[in-house]
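The following exercises concern one protein chain. Each task is followed by a worked solution.

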Amino acid sequence: MKKKVWLVSGVCIAITVCAFLFFSHSLKVEIPFASSHAPPFKAWQIHFSQEMDPETFHHETVQVISADKKSVPVSWKWNVDHTVLTINAPESGYTIGETYQLIITDTVQTAGGKNFGDKFTHSFQAVDELPSIKNRKQLVTLLEERTEQTKEFTVLEEDNATADMKTESSAAENTPTTSETNVQVHGIDEGDLIKTDGNSIYFARDSDIIIAEANGKSSTAKSTISEEHFQPVELYVHKDLLIAIGNSSKSLRDQSKTAEYVMEQTSIIFYRISDQKPPEKIREVTLEGDMTASRQMDGYLYLVANSYPPYHILQDNKQNMDPRPFIKDSAVAQSNSQPLAYHDIYFFPESTENAFMLLASINLNDMEEAAQIESYLGASDQLYMSKNNIYIAMEKYDAALETSDSAEIAVNNSANTEIFQFHIDNGSIDFQNSLSVSGTLVNQFAMDERDGVFRVATTNEKDNTTTNNLYTFDSKLNALGSIEDLAKGEQIYSVRYLDNVAYMVTFKQVDPLFVIDLADPATPTVLGKLKIPGFSNYLHPLDKDHVIGFGQHTKLVQEENSNEPSVRMDGIKLSLFDVSDQANPKEIDSEVIGEGSSYTELNHNHKALFKHPDKNLFGFPAVAFDAKTVHKGDATYEEERPVFAGAFLYSISPEDGIVLKDSITHQENVQDYPEWDSEIRRIVSVDHNLYTFSYDQMRVYDLKGKKIIQKIAFPDPSTMN
């Protein structure tokens, strides 16, 4: 879980974390992320700091009143401990343009029988779209006001969480059978370091892109692509296009007006690729902002980024800096960059966000069509995309003052996550709705959409303990159902939704795997759970009755002067779960690789997993250590040494379990520590050959002969012009 501490100067300071706070004696009532403008199907969530008596909440004490003083028919739903009341919109939605007032009267009571004291109200107008920025003065004023609310805080962040469906190739006749990037949603591609079209393999390094020929024993490194001031981060291949997305250090602005402040920039570079010709750069789109994530679907590329304007420059009246994010699209203008138009910048009126969340879409089938880019005053942490919607999640930490001798300290007491829903249709991106859930998301796999139902799992930290939750919402983001307070004292390490079932792994000392039935989204139900040592960071479906877990093995060590044993990492763990009897999930096989702090990128990046398109063959990069306990005087500790760095290949099936097939390495030796450039990053397959890639070489592995048949050294990028 993330823990944040703010050091606050001064004796008294008002902390505005949520947009609307109301205090009645010791009872705090709030609408997180409240807004005076709301979409027609907005579901309002009202948070109470104490447990309330739901019997006192009825249609006389909870009302939404229209401008003509008529009561609007709304429904509501409580969370399990009666501290969050979700008021759903009427079935036909609120009337666009009308003003409403949400009212909770002073006669409602807490669970302890205490009267509310004063009524709670919130006014809002139903709109079909959010307000946009009118001019520079309005934008600068908003940024200054919102920055003022947070600039007094020094944030110290400690992140104790583990760092942030198979896809099948349908090969046409005479087309090579290739592996694909391991993605969350079938049919929606995700950018990665490596892509292949079956003839060539494209591999992004820190400063260039290697293009290798996939031709078995005759494979070669054909060429490289490098761009000045550009570092590729991920790639896509679409028809005859190679798309590189990365960081650009060549400023879009006149540096004399930014006091040499360098804004984060993301560039998307398009190359025309052909077997007969070298790649040809045909287009570049650059925007100010740090990329959160991208997706590709149905011929469109979607990208979300965060841009943070430099507040100290905005304060300097001598600097006439434009605070808007700058963009450049060579399909529109070859040389000039322009700030985003004011009418393309939207804002949530009561939000305190002082950054820009940019959303871009590009038609990959028409390179002359301008990119569609718009922005919202906000930020993004996680992204999930379904066939119909993009969901963007953003964490918000609540704070409570604590006093020390020297200063007041605001320590995060709990966190909410705001989730924005954007409808997508052939490149168009339209804001639909938003919601707030208690707690934070482990990663993108915490979110899912199926048959018009949105599902999200969270870990909530409050009063120095954690609980875990799963919520369901309809297509308008009205609350449907929930399970709360699962696995108290633990936190979510992985989630996977398969059809109408959710698999959730939590962890503190052992790994409980929860199986949750979502067939009726109004009543999610825990069907079964299994406790085993270690935990899974990533869950992958093998078939409808089996799930593979990739994570860490652990051991409990009793420490002196401690009543509770500590948990130590003890190798990489693979688990095969039989979930055919959902009430009684079983771990039918497991495999532990190495000891101690052995690690694999797969545990925080699902795209590091290789899955053969036709076989139950899986591979992933890993570094394995062995460990021994050392006693020196009064000190006892574990001493580790690396024993392997490369990739492991496993056959995983219900019949045979987890079977090691082979291991591949690019290292000469690992006696001291693995060579960084020789650590295997990715594995791809073309027909019966595997291709393993590290920054310094590629090796070709013959699956039939079970041996390396070719080694190709890559040029050192530091020696290239």
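Helices (H or I, at least four residues) and strands (E, at least two) are taken as DSSP runs, numbered from the N terminus. The model is predicted, so local features need pLDDT of at least 70 and side-chain atom pairs count only at pLDDT 80 or more, while totals for chains, interfaces and linings use all residues. Residues are numbered from 1 along each chain as its sequence is written, and side-chain values use heavy atoms, with hydrogens and water left out.

**Exercise 1. Describe the overall composition and the burial of the chain.**

Step 1. The protein chain contains two helices and 51 strands.
Step 2. Classify residues by relative accessible area: buried is under 20%, exposed is over 50%, and partly exposed lies in between (1.4 Å probe, protein chains only). By this criterion, 55% of the 721 residues are buried.
Step 3. The chain exposes about 31300 Å², of which carbon and sulfur atoms supply 44%; accessible areas come from the Shrake-Rupley method with a 1.4 Å probe, and for residues only the protein chains shown count as cover.

**Exercise 2. Trace the strand pairing that involves E9.**

Step 1. Two strands pair if DSSP finds at least two bridges between them.
Step 2. Strand E6 (residues 62-66) runs antiparallel to strand E9 (residues 99-104), and five bridges join them. Within this pairing, Ile 65 has Gln 101 of E9 as its bridge partner.
Step 3. E9 also pairs with E10 in the antiparallel sense, over six bridges. Here Leu 102 stands opposite His 122 in E10.

**Exercise 3. Analyse the salt bridge of Arg 682 and compare its setting with that of other pairs.**

Step 1. A salt bridge requires a side-chain nitrogen of Lys or Arg within 4 Å of a carboxyl oxygen of Asp or Glu. The whole structure holds 19 salt bridges.
Step 2. Between Arg 682 and Asp 192, the closest N and O atoms are 2.9 Å apart. The two residues are 490 residues apart in the chain: Arg 682 belongs to strand E48 (residues 682-686), and Asp 192 to the loop between strand E11 (153-159) and strand E12 (194-196).
Step 3. Arg 682 is buried because its relative accessible area is 2%; Asp 192, at 5%, is likewise buried.
Step 4. For Asp 626 and Arg 641, the closest N and O atoms are 3.1 Å apart. Asp 626 lies in strand E45 (residues 617-632) and Arg 641 in strand E46 (residues 635-653), so this pair ties together parts 15 residues apart in sequence. Asp 626 is partly exposed at 24%, and Arg 641 is partly exposed at 48%.
Step 5. Salt bridges with shared partners join Asp 192, Glu 601 and Arg 682 into one network.

**Exercise 4. Which residues other than glycine have a positive phi, Asp 451 and Leu 477 being the cases to examine, and are they buried or exposed?**

Step 1. Most residues other than glycine have a negative phi.
Step 2. Asp 451 has a positive phi of about 50 degrees. Asp 451 sits in the loop between strand E31 (447-450) and strand E32 (453-462), and is exposed because its relative accessible area is 68%.
Step 3. Leu 477 has a positive phi near 65 degrees. Leu 477 lies in the loop between strand E33 (465-473) and strand E34 (479-486), and is buried because its relative accessible area is 1%.
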